[in-house]
Amino acid sequence: MLKNYFKTALRNLWRYKGYSAINLLGLAIGLACVMLIILYVRSELSYDRFHEHRDQIYLLTVQTTNPQTGETGNRAIGPYRLAKELQVDFSDFSNIVRFAPQQRESIEYGDKTYQEDNVTFVDDGVFESFTFPLVSGDPETVLLDPYSVVITPGIAQKYFGTDEPIGKVLRIRNADFKVTGIMQEIPEQSQFDFNILISMNCAPQIFSKIVLENWGEGYVWTFVRTPDNKSPADYEDRLQ
């Protein structure tokens, strides 16, 4: 029975070649589109899935109101001093980490100067909340010193070649920063795009007074990590 159906189908396909070609081409295009959509969605959903505590990490947004129009909006980048205030009112957060990405930073080593686009100032607790494995260095102390910096193997090769990078000094914003750790390259499926991490503990000496004190200054991303037994809903009343 199935053999007869198969023969009949082939006979009709051969008899109506034009319509058959159009139908087969449409089917092939449709399947190709479905596969591309599946691959795209799968790629988007895989972003930052490598973080061990991903289900406990939240990016805080700041709600702003236009005094003239009354319109409100949310933005992810907020004031530097927000983290300090959160530590007072939300002491039960497991960790608070600020990222301050820089559009371009001049870095000197020896007689050479490089312009780097993927430089970020970050709090020393970054390795406690985020899974950025270190090749060298202690994740608990590697960014404690205000003038410490962690780089990727690619940056280490660029600046120091085959020399040992740990202990080398980079000149950034007229200050000397010591390389204290080497971290693995950031996976492509990540919202983060940096290869040089500078300790945020240098902020009082490096950042301007406006950045440090102004509530209206948007300069950092502030991430919080909630305890295992807490969810965002547990903080809604205090966040209002």
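A residue counts as buried when its relative accessible area is under 20%. By that criterion, 34% of the 240 residues of the protein are buried. The structure is a predicted model, and it contains 8 helices and 14 strands. This briefing covers the overall dimensions, the pairing around strand β12, the turn that precedes it, a buried threonine and a nonpolar surface patch.

**Overall dimensions and contacts**

- The radius of gyration of the protein is 26 Å, whereas a compact globule of 240 residues would have a value near 18 Å.
- Along the principal axes, the C-alpha trace extends over about 85 × 55 × 40 Å.
- About 15100 Å² of the protein is exposed, and carbon and sulfur atoms supply 53% of that area.
- Among contacts with a separation of 6 or more, 70% join residues that lie 24 or more positions apart.

**Pairing around strand β12**

- Strand β12 comprises residues 175–183 and pairs with strand β9 (residues 134–136) in the antiparallel sense over 2 bridges.
- Within the pairing of β9 and β12, Leu-134 has Met-183 as its bridge partner.
- Strand β10 (residues 148–151) pairs with β12 in the parallel sense, through 4 bridges.
- Val-150 has Gly-181 of β12 as its bridge partner.
- Strand β11 (residues 169–172) is likewise a partner of β12, here in the antiparallel sense and over 4 bridges.
- Opposite Val-169 in β12 stands Lys-178.
- As general background, side chains in a regular strand alternate between the two faces of the sheet.

**The turn between β11 and β12**

- Strands β11 and β12 form a hairpin, with 2 residues between them.
- Arg-173 lies in the loop between β11 and β12, and Asn-174 is placed in the loop between these strands as well.
- Most residues other than glycine have a negative phi.
- Arg-173 is not a glycine, yet its phi is positive, at about 50°.
- Asn-174 also has a positive phi, near 65°, and is a residue other than glycine.
- Arg-173 has a relative accessible area of 32% and is therefore classed as partly exposed.
- Asn-174 counts as exposed because its relative accessibility is 69%, and the cut-off for that class is over 50%.

**A buried threonine in a loop**

- Thr-226 is located in the loop between β14 (220–225) and α8 (236–239).
- The relative accessibility of Thr-226 is 3%, so this residue counts as buried.
- When neighbours within four places in sequence are left aside, Thr-226 is in contact with Gln-56, Tyr-58, Phe-93, Ser-94 and Tyr-235.

**A nonpolar surface patch**

- Ile-37, Tyr-40, Val-41 and Leu-45 make a nonpolar surface patch of about 440 Å².
- Leu-45, one of the residues of this patch, is found in helix α2, which covers residues 17–45.
- With a relative accessible area of 62%, Leu-45 is exposed; the threshold for membership of a patch is a relative accessible area over 30%.

Notes: Residues are numbered from 1 along each chain as its sequence is written. This is a predicted model: local features need pLDDT of at least 70, side-chain atom pairs count only at pLDDT 80 or more; totals for chains, interfaces and linings use all residues. Side-chain values use heavy atoms; hydrogens and water are left out. Patches are made of residues with over 30% relative accessible area and no salt bridge: like charges are joined within 9 Å, nonpolar side chains (Val, Leu, Ile, Met, Phe, Trp, Tyr) within 5 Å. Accessible areas come from the Shrake-Rupley method with a 1.4 Å probe; for residues, only the protein chains shown count as cover. A salt bridge is a side-chain nitrogen of Lys or Arg within 4 Å of a carboxyl oxygen of Asp or Glu. Buried means under 20% relative accessible area, exposed over 50%, partly exposed in between (1.4 Å probe, protein chains only). Contact means heavy atoms within 4.5 Å. Two strands pair if DSSP finds at least two bridges between them. The radius of gyration is taken over C-alpha atoms; the globule rule is 2.2 Å times the number of residues to the power 0.38.
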